[in-house]
Structure formats: C-alpha cells, structure tokens
Amino acid sequence: MTVRDAWRQGVEALRKAEVPTESPDLDARVLLKHLLGTDLTGLLSRYPEPFSDELQAPWLALLGRRAGGEPVAWLVGKQEFMGLDFVVGPGVLVPRADTETLVEAALELLGPVVSAAELAPVRVVDVCTGSGCVALSLAALTPSRLRLQVTATDLSGQALGYAFRNAQRLLPTGPHVEFVATDLLEGLAGPFDLIVSNPPYLTPDETGDRVGAGGWKEPALALDGGGKDGLALIRRLTQQAAGLLGPGGWLLVEAADAQMEAMEGIFRENGLGPLREWKDLAGQRRVLGGQATARRDPLGSPTH
C-alpha cells in the first residue's frame, strides 16, 4: 500500500460511514497530513511512497473516530483561520470560514484609520470570542501603528482557556489582547470604536441538529442564540453595544442570511445606523454592521 492508497482508503471509509462532512476527500487528506506530520505539498510528494505497517493502526483509529462523528479539527487539534492555526477541541466552537467575513469587514473599517496622520488608540472588543480567532486575527493582521487595544469576552471559562493558549502561540511578543470572563459586554467600560461578534444565533431546533453520528457536539452555549428566531442573545448584545460605542463607532455581528432583515430592525431600534451588510464567499449575507450616531468618525465614512 502506498500513501496514495491510504488516502483512497480513508475517503472510501468516510463515504461508507456517511459522516456529516462537506468533503470526505478533504477530511481524509487533512487527517493523513496530520498523521505523517507534513503539509499538503509534502503529502502530495509522498503519495508514491510505501505506507508503512506501523502507520496502519493509528490511521485506522483516526478514520474510526472521524467516522464516529468526531470533528476533524478535534482530531488534529487545530483549525486554520485567516491564515493562522488555532488550537481547538471539545468545549469550544471550531472556527468556520464564514466567520472570516467578520474579520474582513472589521479590517475594511479599520483601513482608513491606518492612513491617518495622528492616531489615538483604537479600542476594539470581540464578544463571544470562543477560540479567540476573531480577536487574535485582528490583533495579528492590523498594522502595529494603529495601536489597537483589543478586549475579548466569553462566558465559558473553557473557551477562554483555548483563547489564552492561542494568544500565547500566535502573539508571543504582542500586541496584547485582554480576555474577560463575562456575559457579553457586562462590566466593560466604553467607549469602544468597534465591537465585533460571532455570537450564538441558531434556534434550539437547529442546535439539536448539530450532533454527529457518535454524539460529538460543539457546546450549545456557543450555538443556541435563544428564542424561536435564534436572536434573543443578539438583541441583548445590541442593547449593550449601543450604550458602549463611541460616536461613529461600529457594531459588527455575524448571523445567518435569513436573520438579516430582523437584525436590521433590532439595530435600528437601538439607534444604530446607517447599516451595512457583508456577504460571504457563497454570496450569503453574513455580517451586519451598524454605526453609532456620528459626531466624529474614527472608522471611516459610512457607505450605503
């Protein structure tokens, strides 16, 4: 058996198991890269090589766990997001590519500030940070002269443990990100220039569906947004954010396309406007932004 044969074996095993996945081919490739300790280029170059007997048992064990419904990111212990590797595991939401839209929207708003002649510190808070993927990506990708001050909050101590580990790995010499255990924005002192969040926004029924064949499940705390429409938590977040944003500051929230119209009403009820929307790579509305009443405009002029 060659390395290529092992990959084909993995693809076939995952297809037969009918495990919920976007791509058995990709899952098998990621697991095989992890087992061999190589990247994609290295894996492809090793396809013709023999797949040693001592690798058979751990390979089959990985496939068995994946076939049982365990997420690939848990099996390899990390998930790529915005070009960075984030440590993840049971107890924390696995970063999704859709959430990169939230980071890209934030970076777009921060762009005009970078070119300003004189910069005051820009205060940013990431609510429901989970693994820290949004907060740490912003800290890592924003030019240092912007003097970004990032706070990241989460109600889950387990999630904050992952976020802190990721900060130590990805930002060993700074910039500093402050992690706070709290419910949304409770206890924080504004004003903030930018509040971003990928909060729980699934309905209870949708949350119950996020279970693999073997019962593997990401934490309901990171999934269930509350209420029949999944927007109960976003309503509370918007109310809190409206009181903590500085004039001209923005609130950016990720949610599902079908929730955007209801969210626009929530934002307007709390005095946020004008509004902007950002679409993900699939063309679905993914992020809604609302600007606080503008007397100054630290994050660029609103665009309709």
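**Figure 1. A close-up of A292, in the segment after β9.** In this predicted model, A292 follows strand β9 as part of the segment after it. With a relative accessible area of 9%, A292 is buried, since the cut-off for that label is under 20%. Which residues does A292 contact, leaving aside its neighbours within four places in sequence? They are L245, G246, G248, G249 and L272. P247 is worth finding here too: A292 and P247 are 45 residues apart in sequence, yet their C-alpha atoms are 5.6 Å apart in space.

**Figure 2. Strands β7 and β9, side by side.** Here we look at β7 (residues 245-254) and β9 (residues 285-291), which run antiparallel and are joined by five bridges. To get your bearings, look for W250, whose bridge partner in β9 is Q291. Helix α11 (residues 260-269) belongs in this view as well, lying across β7, β8 and β9. The angle between α11 and β9 is about 10°.

**Figure 3. The seven-stranded open sheet.** Follow the strands across and you will read the order β5-β4-β3-β6-β7-β9-β8, with mixed pairing. Which strands sit at the edges? They are β5 (177-181) and β8 (275-279), each of which pairs on one side only. On average, neighbouring strands of this sheet are turned by 20° against each other, direction ignored.

**Figure 4. Helix α7 packed on the sheet.** Helix α7 touches four strands of the sheet: β3 (122-127), β4 (148-154), β5 and β6. The direction of α7 makes about 170° with that of β4. Is α7 largely enclosed or largely open? Seven of the nine residues of this helix (residues 133-141) are buried, so α7 is largely enclosed by the rest of the structure. You can pick out the buried ones as C133, V134, A135, L136, S137, L138 and A139. An α-helix has 3.6 residues a turn, so residues three or four places apart point the same way.

**Figure 5. T203, in the loop between β6 and α9.** The loop shown here runs between β6 (192-197) and α9 (204-209), and T203 lies in it. T203 is buried, with a relative accessible area of 15%. Not counting residues up to four places away in sequence, T203 touches D224, G227, K228, D229 and G230.

**Figure 6. L221, in the loop between α9 and α10.** This view centres on L221, found in the loop that lies between α9 and α10 (232-244). Which residues does L221 touch, not counting those up to four places away in sequence? The contacts are L155, S156 and P200. For a wider reference point, take D98: L221 and D98 are 123 residues apart in sequence and 19 Å apart in space, C-alpha to C-alpha.

**Figure 7. The whole chain, as a setting for the close-ups.** Stepping back, the chain has eleven helices and nine strands. Its C-alpha atoms fill a box of roughly 70 × 45 × 35 Å along the principal axes. The radius of gyration is 21 Å, which agrees with the value near 19 Å for a compact globule of 304 residues. Buried residues make up 49% of the chain. Among contacts between residues at least 6 apart in sequence, 72% join residues at least 24 apart. On the outside, the chain exposes about 14000 Å², and carbon and sulfur atoms supply 51% of that area.

Definitions and conventions: Residues numbered from 1 in each chain as written. Predicted model: local features only at pLDDT ≥ 70, side-chain atom pairs only at ≥ 80, totals over all residues. Heavy atoms only, no water. Buried < 20%, exposed > 50% of the residue type's maximum accessible area, 1.4 Å probe, protein only. Helix = DSSP H or I, 4+ residues; strand = E, 2+ residues; numbered from the N terminus. Contact = heavy atoms within 4.5 Å. Pairing = 2+ DSSP bridges. Axes fitted to C-alpha atoms, helices over the stretch in contact; angles between N-to-C directions. Rg over C-alpha atoms; globule rule 2.2 N^0.38 Å. Areas by Shrake-Rupley, 256 points an atom, 1.4 Å probe, with all protein chains shown as cover.
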